[in-house]
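Open the model in your viewer and keep the selection box handy. Each stop below says what to pick and what is there.

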Amino acid sequence: MRDVSNRHSGLPPRSPEMLYNVIRKFYRGAVSHYNLIQEKKSDVRAAWERSLTTKDDSELRQALHTLFLEFHFYVTCWLQIELALYRLAKQDAAQAVVLAKFQSILERHVAVREQLDQTEACVNQQAVDGEVAWSCVEQDAYWFDGISFTVDQASLNSLHQLFQAIQAAKNEHPLK
């Protein structure tokens with residue numbers, strides 16, 4: 001996997017058709033993973049509730065580790081979409097507009113992806129962020145290098161909007 005900070009340098013050339021296939025593949029992957037992530041969030045919440053009575057956070061840490069691995073897959077899909085869109089934007093002004101419009105949400109997901117490469121460090125960070133240990137679970141807002149993040153309906157809606165914008169630009173301005 002590419003280093004996130006240098007992700008755009010030295011990208012091999014790809015045809016627009018291949019790039020659209022990459023986008024479609026990773027869009028479907030992220031969407032199909034959403035329900036599993038919600039199940040893992042329920043597991044985390046249950047482990048957190050048990051930890052409140054047992055005062056032992058080992059089960060919670062393991063559940064969070066598993067959740068963050070699922071987050072990693074989801075935001076890796078965003079990264080792959082961003083890389084393909086970046087290359088399409090170099091070839092097509094309409095896709096450049098899409099990239100500019102969604103730049104901040106793409107960067108947010110990619111930044112979280114970079115942090116999640118160190119899964120255990122991310123788990124450890126959750127215990128110390130916030131006024132109360134593990135408050136991130138109750139709030140469903142996890143911290144990744146200063147970014148509050150979760151995979152929720154808003155994130156999924158952003159993904160749908162991004163994909164629809166890419167498809168609309170493709171249909172309005174097909175590349176030769």
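The tour goes from a helix pair to ring pairs, then to a charge over a ring and two backbone spots. Keep in mind that this is a predicted model.

**Stop 1: two packed helices**

Select residues 16-54, helix α1. Add residues 58-91, helix α2. Two packed helices are described by the angle between their axes and the distance between the axes. Here α1 and α2 pack at about 160°, and their axes lie 8 Å apart. An angle over 145 degrees counts as roughly antiparallel, so α1 and α2 are roughly antiparallel to each other. Their crossing is left-handed. Now colour the contact of α1 with α2 by residue type: 25 residues are nonpolar, 6 polar and 7 charged.

**Stop 2: the loop between them**

Move to Lys 55, in the loop between α1 and α2. Check its backbone: phi is near 60°, a positive value in a residue other than glycine. Lys 55 is exposed, with a relative accessible area of 70%.

**Stop 3: aromatic pairs**

Show the aromatic side chains. The model has 8 aromatic pairs. Start with Tyr 27 and Phe 163. Their ring centres are 3.9 Å apart and their planes meet at 5°; planes under 30 degrees apart count as stacked, so this pair is stacked. The pair links distant parts of the chain, with Tyr 27 in helix α1 and Phe 163 in helix α7 (residues 153-172), 136 residues apart. Are these two residues, Tyr 27 and Phe 163, buried or exposed? Tyr 27 is buried, and Phe 163 is buried too.

Next, select Phe 68 and Phe 144. Their ring centres are 5.2 Å apart, with the planes at 65°, so the pair is edge-to-face. This pair also joins distant parts of the chain: Phe 68 sits in helix α2, Phe 144 in strand β1 (residues 142-144), 76 residues apart. Both Phe 68 and Phe 144 are buried.

Extend that selection to Phe 71, Tyr 142 and Phe 149. Ring pairs link these three with Phe 68 and Phe 144 into a cluster.

**Stop 4: a charge over a ring**

Pick Lys 170 and Tyr 20. Lys 170 lies over the face of Tyr 20, at 4.7 Å from the ring centre.

**Stop 5: another positive phi**

Finish at Asp 140, in the loop between α6 (135-139) and β1. Asp 140 is not a glycine, yet its phi is positive, about 50°. What is its exposure? Asp 140 is partly exposed, with a relative accessible area of 25%.

Methods: Residues are numbered from 1 along each chain as its sequence is written. This is a predicted model: local features need pLDDT of at least 70, side-chain atom pairs count only at pLDDT 80 or more; totals for chains, interfaces and linings use all residues. Side-chain values use heavy atoms; hydrogens and water are left out. Rings of Phe, Tyr and Trp (its six-membered ring) pair if their centres lie within 6.5 Å; planes under 30 degrees apart count as stacked, over 60 as edge-to-face and the rest as tilted. Helices (H or I, at least four residues) and strands (E, at least two) are DSSP runs, numbered from the N terminus. Buried means under 20% relative accessible area, exposed over 50%, partly exposed in between (1.4 Å probe, protein chains only). A charge sits over a ring if NZ of Lys or CZ of Arg is within 6 Å of the ring centre and within 35 degrees of the ring normal. Axes are lines fitted to C-alpha atoms, for helices over the stretch in contact, and angles run from 0 to 180 degrees between N-to-C directions. Angles under 35 degrees count as roughly parallel, over 145 as roughly antiparallel, 65 to 115 as roughly perpendicular and the rest as oblique. A crossing is left-handed if the near helix is turned anticlockwise from the far one by less than a right angle, and right-handed if clockwise. Ala, Val, Leu, Ile, Met, Phe, Trp, Tyr, Cys and Pro count as nonpolar, Asp, Glu, Lys and Arg as charged, and the others, Gly among them, as polar.
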